[in-house]
Amino acid sequence: MFNAFYQRILNSKLQGLIHSLPALLDAWYKDALHGEFHQWQKTLKNLPDAQPSVLELKDKVAFGSADDINQGQQKRLIALLKNFMPWRKGPYELLGVDLNTEWRSDWKWDRLLPHISELKDRTILDVGCGNGYHMWRMLGEGADIVVGADPSQLFLAQFQAIHKYNPSPDIHLLPLGIEQLPKSEAFDTVFSMGVLYHRRSPLDFLAQLKDQLRNGGELVLETIVIDGDQNQVLVPGERYAKMRNVWFIPSCDALVHWLHRVGFSNVKVVDKCVTSLDEQRKTEWMENESLVDFLDPADPTKTIEGYPAPQRAVIIATK
Ligand SMILES: Nc1ncnc2c1ncn2[C@@H]1O[C@H](C[S@+](CC[C@H]([NH3+])C(=O)[O-])CC(=O)[O-])[C@@H](O)[C@H]1O
């Protein structure tokens, strides 16, 4: 399943990974597969074939137009893509289908892009890449190769569906968690957005991100933060905004301090904003509860549990 990736990294800055990744990915294939994974692979095979007339990555992710397939094929495409719901990260336009996802992930991209080092010709890792939306935007900025790591098998299947219509050899999603990745010290830029608060041991997590960067490489970290000084960190109870697996929500100053402690330099907070109800909401492609249901109806500055409502910061740092 990952042969194209192994071929692509031979004779690249990532060739060191060729010694360890095949065994890890073989073990994943044998042991870790979700019951529905094989069904999703069958669905992928039934997606209509098409030659998209345009491939846009720079300002949005849009492959092809409605004219590239007939109406029957478009109906089939919509029905099959719905098998991969919930679609959280996007939006995508595929052969005229408007895949309007729960998140406007493009807004996060627009906020951070002006602040990061140019991505042209860079070797990039996106840790917790979801279905790969931001990876396509990285490719749109001229990255040499973009590798994503995310343990969700549904998001891998979503990525495969999108990749079918732009089978670029320069973008690859590995279904592994950050803690499983062998230390590579090879990437020019490592992104990790929306993952830190899911980790039980955030300083180990930051050190693992550092282990993937070459010296002088750039970390782009995005996470939920609270207001407060260097010593303020929220460890919520069983749930935060109805999410079960949330552990540490630091203030920006605390996060800057942690990054220094782990050995990063040039640490800068480049953006901070409260997530709006327009950026994360229910759509026809994600019919479950969304942000509006996670906030206190009487006071939207608080989560339903009474914690500060999600605000997110982007921090840049150098190894
Ligand atoms: N150990 C782990 N290692 C790697 N990924 C993980 C791990 N645990 C969970 N994830 C993955 O991290 C992603 C977090 S979502 C951010 C998506 C995108 N980055 C975005 O900024 O829109 C934010 C959210 O849903 O809260 C999910 O895709 C998980 O599968």
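**Entry 1: where α8 touches α9**

I started with a helix pair and looked up who touches whom: Pro-202, Leu-203, Leu-206, Ala-207 and Lys-210 in α8 meet Trp-258, Leu-259 and Val-262 in α9. Sorted by class, this contact has 7 nonpolar residues, no polar ones and 1 charged residue. A note to myself before going on: the model is predicted.

Next I wanted the geometry. Two packed helices are described by the angle between their axes and the distance between the axes. For α8 and α9, I found axes that come within 10 Å and cross at roughly 55 degrees. The two helices are therefore oblique to each other. I also noted that the crossing of α8 and α9 is right-handed.

**Entry 2: the buried side of α9**

Which residues of helix α9 are buried? Within its span, residues 252-262, I listed Cys-252, Ala-254, Leu-255, Val-256, Trp-258, Leu-259 and Val-262. I kept a reminder beside the list: an α-helix has 3.6 residues a turn, so residues three or four places apart point the same way.

Then I asked what covers the buried residues of α9. The cover includes helix α8 (202-212). It also includes the strands β9, β10 (233-234), β11 (249-250), β12 (265-274) and β15. Just past the helix I found Gly-263, which follows α9 and has a positive phi, near 110 degrees.

**Entry 3: a second helix pair**

I moved on to α5 (residues 105-112) and α6 (residues 133-140), which pack at an angle of about 45 degrees with their axes 10 Å apart. That makes α5 oblique to α6. The crossing of α5 and α6 is right-handed.

Which residues meet here? On the α5 side I wrote down Ser-105, Asp-106, Lys-108, Trp-109 and Asp-110, and on the α6 side Tyr-133, His-134, Arg-137 and Met-138. By class, the contact of α5 with α6 has 3 nonpolar, 2 polar and 4 charged residues.

**Entry 4: salt bridges**

How many salt bridges does the count come to? I got 21, and I looked up a few of them.

One is between the side chains of Arg-104 and Asp-106, at 2.6 Å from N to O. Asp-106 was familiar to me from the contact of α5 with α6. Are the two partners buried or exposed? Arg-104 is partly exposed, with a relative accessible area of 23%, while Asp-106 counts as buried at 11% relative accessibility.

Another salt bridge joins the side chains of Glu-185 and Lys-319, at 3.0 Å from N to O. Glu-185 lies in the loop between β7 (171-174) and β8 (187-193), and Lys-319 in the segment after β15 (311-318), so the pair ties together parts that are 134 residues apart in sequence. Glu-185 counts as partly exposed, at 41% relative accessibility. Lys-319, at 17%, counts as buried.

I then turned to Glu-222 and Arg-312, a salt bridge whose closest N and O atoms are 3.0 Å apart. Here too the pair links distant parts of the chain: Glu-222 is in strand β9 (residues 213-225) and Arg-312 in strand β15, 90 residues apart. Both Glu-222 and Arg-312 are buried. I had already met their strands, β9 and β15, in the cover of the buried residues of α9.

My last find was a network: salt bridges that share partners join Arg-8, Asp-144 and Asp-170.

Terms used: Residues are numbered from 1 along each chain as its sequence is written. This is a predicted model: local features need pLDDT of at least 70, side-chain atom pairs count only at pLDDT 80 or more; totals for chains, interfaces and linings use all residues. Side-chain values use heavy atoms; hydrogens and water are left out. Axes are lines fitted to C-alpha atoms, for helices over the stretch in contact, and angles run from 0 to 180 degrees between N-to-C directions. Helices (H or I, at least four residues) and strands (E, at least two) are DSSP runs, numbered from the N terminus. Angles under 35 degrees count as roughly parallel, over 145 as roughly antiparallel, 65 to 115 as roughly perpendicular and the rest as oblique. A crossing is left-handed if the near helix is turned anticlockwise from the far one by less than a right angle, and right-handed if clockwise. Contact means heavy atoms within 4.5 Å. Ala, Val, Leu, Ile, Met, Phe, Trp, Tyr, Cys and Pro count as nonpolar, Asp, Glu, Lys and Arg as charged, and the others, Gly among them, as polar. A salt bridge is a side-chain nitrogen of Lys or Arg within 4 Å of a carboxyl oxygen of Asp or Glu. Buried means under 20% relative accessible area, exposed over 50%, partly exposed in between (1.4 Å probe, protein chains only).
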